[in-house]
Each structure stands twice: as structure tokens, then as C-alpha cells.
Amino acid sequence: MNGSGANVAGCAGCSGNCCRKYKVGVTVADVRALAAGMALHPKDFVRLLDADDDGFRLRPGGPAMELYLIRRAETGACQFLMEIAPGKARCGVYAHRPLVCSTFPTTLQRGAVAIRQDTVCGPDAWNLAAMNLATYRQDITRNRAAWAEHRQIVQAWNATIDTASREATPEDLYEFLLNYPANAA
Amino acid sequence: MRGARYVTGADIVRIARTLALEPWHFTQTAPAAADDPTGIVVDEGRRRVNLRLANAAHGCVFLVRTLSGVGRCGLGDLAPAACRVFPADPAADAPAALREPKDSAEPELDQQLAEALRGWAADRDHWYEVIARWNAQAANSGGTYGLEDFQRYLLEAQAAREAGAEWPEEVAA
């Protein structure tokens, strides 16, 4: 769910399909921003799911996992989605939302901000010309930098796992993420 | 804090605009006493109701509750002024924060709170007048004016206030 300027919701008719259909994978920077901005602990909004490739391990040789926002089992919706009226849902953490939400539904394609055509909104649901493209480009750039940092933190965490004497818990990981790089040494 | 004496028309309009919702998407009514200045006349003058933020199953419609049971306001800085100054009570007769802060540990915070309470008081005065003006018009409507009409009038009245313009019903051709 996204929008620009004063209207944080984008379109009046938006029912927040993106907040219901996708598993929202987030970076360490996103987790920190949400934790600080909403005064929540990561365990209240993050779950660990198997990663496609590299990811956080809780024991040497264990499965690689990545960080996803928690969804409600009954609706599949992000738990931060406010269901206000039938067909009227809005983000409840808008000012602190993950960059993958800020950049939705855009991508940087052949040198320009473009609308992804494979999204749940359907093709041509968005009007590129009316969107704040400078903000989208900045958020896309920030998101790329955040993922580069994220991969470094995965390496740093996994290095501690390889030398640890016991299996780590998700809570150990969250503490590490909140305090990195103070605990990097 | 979600009652009509606390949540003002200015709060409702700001939330509606920013979230791209109409006021009736997130408000509900409760019966109002005859002398309540926030009582809106409905049903051909037979009833008065308050307009307030709607309830969902879990509380305020804007309350975000995590599966782990933690509750947070989903509006953030957009929250009604009365919610943001909580636990100060803006409707109290002599709010402590409006008095001159003496030897305060946090004078800057006190200053901000006093400013927020003054803003709330101005919003409340305007809110009372919006309702009084609407009720006067509704009394002459032959009972055809409804609650959504009131909320449309509120949107107009708040825009006029911000523009420094006259009340909607006073606009000349």
C-alpha cells in the first residue's frame, strides 16, 4: 500500500490487496525502523521463514531464514493493516512502513522508475504520470542500499553462529539485529 | 477519549483527508443528551446523537493489535489531538498544563502540551459552532437532513475555516 504527498492511502478505492496477498520480506533496517517508530519488539511483528538462498542461521549448517512481517491467519492480511470499513483498509504503521511497501508498485527498469505489471493491483491500476517519481526513486535507491547492508549483517550473524556453543533462538537474532554493529566484534 | 467531546470535527476531517476515506467510513453515533453541545439533530428533530470514532471488535477502529497482544494507535501523528495529549484531559475545567509552568523538569514539553491544548480548545469551539449551525439548518429542513449530510457539511465548514472564508451557508452567488 502506498501513496505520495498528503494522501497516504493512494487511491480512495484501495482495499490493500498488496497487504493481503504478499509475504512481506523486510530488511534489518526496516525491522529497526518499525521497532523504534512503533515502540514494538521485533518478536511482535517479525517471523522467520525459510530463505530462497542465503539467510540467517540459528545453528551451523541449519536452514537459512529471512525476516517477514507477521500476517493474520484468518485473513492473510498484514497484522498492521487497519480494517476500517468494508473495502476500506489502510496501513497502521504508515510513517514507519518497510521500504518494500514504500516502493510498491514500482521498480527501476532500464534507467527509469516504472510500474511493475505483475502486481496484485492488475495492469494499469496506477498512473505513473501522477505519482511522485522522485520519492519512488529515492526509496528504491534506499531499499537497494538497505538490502546490501542486510546481506552484510547476515554474514556477521552467521559468523557468530559458526563459533557459538549452543543453538541460537529467534530472540537472540532480534537482539543482535537491534544492536548491530555494536556487537559486531 | 473517542467521544464527541474529545474528538473534534477538525480531527475527523484531517483523518478523512489523509487516509482518503469519507468521515462516515470511520465514525459511529451514540445517543446524546438534550443539552449536549455536540448533539447532532436527526430523525426530524426527535433525536440527538454524538459522532465519534467507530468501534471495531477489538476497540477503536484505528487500534492496531499484534497477534502477541500489543496494542498501538495506527494513526500515529494523525491521531486526534485529545488522544495525542493523553493522559492530559483537554476538557478538564482547569487543565494543569495551561497554567504557567513553574520549575518544570521539562519546560519544552510543557510548552508543547499547552500549545496542543489551546489548539484543541479552538477546534472544539469551532466544532460546537459547526453542530449548532447544522442543527439550525436541519430544524428548517422538514426532516430530510441526515447524518451523512452533516458530515459533508463538516467537510465544507472545515475547509472554509482553513481558508478564512465564510460559513458554507453564507456563501453568496
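Q: Which residue in E3(B) does Ala30(B) stand opposite?
A: This is a predicted model, in which local features need pLDDT of at least 70, side-chain atom pairs count only at pLDDT 80 or more, and totals for chains, interfaces and linings use all residues. Residues are numbered from 1 along each chain as its sequence is written, with chains lettered from A and ligands numbered from 1 in the order in which they are written. Strands here are DSSP runs (E, at least two residues; helices are H or I, at least four), numbered from the N terminus. Opposite Ala30(B), in E3(B), stands Asn50(B).

Q: In what order do the three strands of the open sheet in chain B lie?
A: Five bridges join E1(B) to strand E3 (residues 47–53) of chain B; strands pair if DSSP finds at least two bridges between them. The edge strands of chain B, each pairing on one side only, are E1 (27–31) and E2 (40–42). The pairing is antiparallel, and the order is E1-E3-E2.

Q: Why do the buried residues of H5(A) lie on the same side of that helix?
A: In helix H5 (residues 170–179) of chain A, the buried residues are Leu173(A), Phe176(A) and Leu177(A). Buried means 20 or more other C-beta atoms within 10 Å of the residue's own, exposed 12 or fewer, and partly exposed in between, with C-beta atoms placed from the backbone. They share a side because the arc they cover around the axis, taken from the directions from the helix axis to the C-beta atoms, is only 100 degrees.

Q: Which exposed residues does the face of H5(A) turned away from its buried side carry?
A: The buried residues of H5(A) pack against helix H2 (28–38) and helix H4 (133–162) of chain A. The face turned away from the buried side carries Glu171(A) and Asn179(A).

Notes
Contact = placed C-beta atoms within 7 Å.
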